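Colleague: I should like to learn how strands and sheets are read in a model of this kind. May we proceed feature by feature?

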Amino acid sequence: MKNLFLSLTLTITTLLGCGSNTNTASNDTGDTGSALFSLKWDTPNNIPSPLAGEGKGEGGLPEFSYAPIDCTAIGVSTVTANVYDSGGTYITSGGPWNCADHSGTITGISAGINRMITVSGKDSSNRIIYNGQITGVTIDKDQTTNAGQATMTYVANDTTAPTDGSLSASAGSSQVSLSWSGFTDSGSGLGSYKLVYSATSTPSSCSAGTQIYLGSGTSYTHTGLTNNTTYYYRVCATDNAGNTSSGATNSGTPTSSGGTTTTGGGTTTTTTTTTTTTGSAPFAPTGVSASAGNQQVIISWSSVSGATSYNIYWSTTSGVTKTTGTKLTGATSPYTHTGRTNPQ
């Protein structure tokens, strides 16, 4: 196995005021990689008749074959994909690809661990009729990761939009903190939320206004705003079949008084904002060890008091630093670094 040199660092979070803008599109370091995936279509058309020479499965039944199927027969024209970080925040998208390719490569994904890829198979009217996902994908800088196979499940029978919930808005100095709840979908299940805003009036739909969040999370802090200006919001839910709700709305007006104004349900309340700053940086991790396996390295370390997250920097040359190494963010001990090259 090639020598793999590691540097382990940790970060500490400083909190100021009510919160920070943590739900923007994820881009951990500016370093990007790619992900290659293939598709398996979960459909009755995919169960073949026994063929001469086929192996037999349990009970003498024919083994299933998942060879690419006829896209025309299942009504799928194109395939698209979205990528989300471990917190469910949208990173980037890929496609469309021709369904007959039964695979795709997504480029420009920010390097990091626990990426989730959601894949949609669409008909000629661009309506989602199949979907699937792959979780736990690690993206390395300047590399193409084989993300594996997404099982595509039929969802065409779901044509009902999700039921809207409610949106809360809490305005502080130069920011509005938003959270939403109560959205439901009894068909294909909730897939993502889209939050838009306007400084003039409530957006008429989630296709209007300015998008500030897309993902599976249920909160967002809109920062960098002008005090004494009212901001209007709408959040919509989209299910796994691509149906989108009409949305829930609310508004907030930031003030410089140091208080927090909450608007919703026809009432307004004011509470006090507390500013908290954490202490000094924690010590470096101890007990760091690396154990090599087949195309992987397992890195372990002892937890450090006061640390909120750990980053690993790696390289195939010695003397790795935060500047020269490739960054893996949000690692937990033990961490398995896969896709490495064994010695020739």
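**Reading the strands**

Modeller: Let us begin with one pair: strand β11 (residues 190–198) and β12 run antiparallel and are joined by five bridges. Within this pair, Y193 stands opposite G215 in β12. Please bear in mind that the model is predicted.

Colleague: What holds such strands together in general?

Modeller: Strands of a sheet pair through backbone hydrogen bonds, and the pairing is either parallel or antiparallel.

Colleague: In which order do the four strands of the open sheet lie?

Modeller: The order is β12-β11-β14-β15, with antiparallel pairing. β12 (210–215) and β15 (248–252) are the edge strands, each pairing on one side only. From one strand to the next, the twist averages 20°.

Colleague: Which residues of strand β22 are buried, and which are not?

Modeller: In β22 (residues 335–338) the side chains alternate. Y335 and H337 point to one face and are buried, whereas T336 and T338 point to the other and are not buried. Strand β19 (residues 296–302) runs antiparallel to β22, and four bridges join the two. Opposite Y335 of β22 stands I299.

Colleague: How many helices and strands does the protein chain contain?

Modeller: The chain has one helix and 22 strands. Of its 344 residues, 41% are buried. Among contacts with a separation of 6 or more, 66% link residues 24 or more positions apart.

Colleague: What area does the chain expose, and what share of it comes from carbon and sulfur atoms?

Modeller: The exposed area is about 17,200 Å², and carbon and sulfur atoms supply 46% of it.

Notes
Residues numbered from 1 in each chain as written. Predicted model: local features only at pLDDT ≥ 70, side-chain atom pairs only at ≥ 80, totals over all residues. Heavy atoms only, no water. Buried < 20%, exposed > 50% of the residue type's maximum accessible area, 1.4 Å probe, protein only. Contact = heavy atoms within 4.5 Å. Areas by Shrake-Rupley, 256 points an atom, 1.4 Å probe, with all protein chains shown as cover. Pairing = 2+ DSSP bridges. Axes fitted to C-alpha atoms, helices over the stretch in contact; angles between N-to-C directions.
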